[in-house]
Amino acid sequence: MAFRHLRLIAVNIDGVLLNDTFSPVIHRFVTRHGRPYTAELEREVFSQPQLRAASALGLPGTPEEVVEAYFRERKAYLQETPVRVLDGAGALLERLRATGASLVCYGGLQRTHFDRHLADFAAFFDGPQYVCTDAIRPGIREITEDVFGLRCDQALFIDDVARVAEAAQRLGTAFVGHPTDFEHSFQRQLMEEAGVRHLVASLDAIDERLLQTVDAEAAEGRLWPRAGEGASPAGEKGQ
């Protein structure tokens, strides 16, 4: 199955190809300091540069100190719940390659994170294979235009964070949401509020039919609901 319009697929690393090890850590880190965990906090913190996210938490210490404390918390969490490749990730990458579009991975951690956990899948990816977006969050325009020389309407981003969906809507970029199933997360709710058409609960749901649908919507300029339309049910939305 070859795309007729989309020429790039960008796949987030943590929460899409790897298990979500950020939502549980941020929730534990915030509540341990006595701060309420809310949708607004997630909106201000997720998919932001590290120092900006640290400032948004409103915790004691400089942003640099908060980042250091957060990564200590994360290190302890990973001893209990290690990073792992999600079920269906390899099959998903095979389906994405079959579209003929270029394929790249991205995320907020340094390249070493990709090399450590996705080395067995590196051959699936084009160009730099992985783009660290910490300094360019959320990075849609930079990855699409600067790295691959394409227009934003020629790209599909697959991510677990609503802030990326909101940026995709502003830029006219295709988006498939894979929100975490973490019980305290607000990302599914925030994606629905943003008008995301395609929400999936598993990587298997990003199948050939869904990919064809997204490509057709991109070609016809129907990626996002028009004003007053609301989001259309698609993929595994609501499940």
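## A covered strand and two pockets

Strand β2, residues 102-107, is mostly tucked away, with 5 of its 6 residues buried. Keep in mind that this is a predicted model.

Let's start with the neighbours of β2. On one side of the pairing list is strand β1 (residues 8-12), which runs parallel to β2 and shares 5 bridges with β2. If you want a spot to look at, find Ile 9: its bridge partner in β2 is Leu 103. Strand β3 (residues 130-132) also pairs with β2 in the parallel sense, this time over 3 bridges. Here Cys 105 sits opposite Tyr 130 of β3. To get from β2 to β3, the chain passes through helix α6 (residues 111-118), making a right-handed β-α-β crossover.

Now for the pockets. Here is how two of them look by volume and lining class:

| Pocket | Volume | Nonpolar | Polar | Charged |
|---|---|---|---|---|
| Largest pocket | about 420 Å³ | 8 residues | 7 residues | 5 residues |
| Second largest pocket | about 240 Å³ | 4 residues | 4 residues | 3 residues |

The largest pocket has 20 lining residues, and the ones nearest its centre are Leu 86, His 178, Thr 180, Asp 181 and Ala 201.

The second largest pocket brings us back to α6: this helix and α4 (63-80) each contribute at least two residues to the lining. Among the residues lining the second largest pocket are Phe 71, Arg 74, Lys 75 and Leu 78, along with Thr 112, His 113, Arg 116 and His 117. Val 83, Leu 109 and Gln 110 are part of that lining too.

Conventions:
Residues numbered from 1 in each chain as written. Predicted model: local features only at pLDDT ≥ 70, side-chain atom pairs only at ≥ 80, totals over all residues. Heavy atoms only, no water. Buried < 20%, exposed > 50% of the residue type's maximum accessible area, 1.4 Å probe, protein only. Helix = DSSP H or I, 4+ residues; strand = E, 2+ residues; numbered from the N terminus. Pairing = 2+ DSSP bridges. Right-handed = clockwise from strand over helix to strand, strands pointing away. 1 Å grid on protein atoms, 1.4 Å probe; cavity = no way out; pocket = protein on both sides within 12 Å on 5 of 7 lines; lining within 4 Å. Points joined across faces, edges and corners; volume = space filled by probe spheres on them. Nonpolar A, V, L, I, M, F, W, Y, C, P; charged D, E, K, R; others polar.
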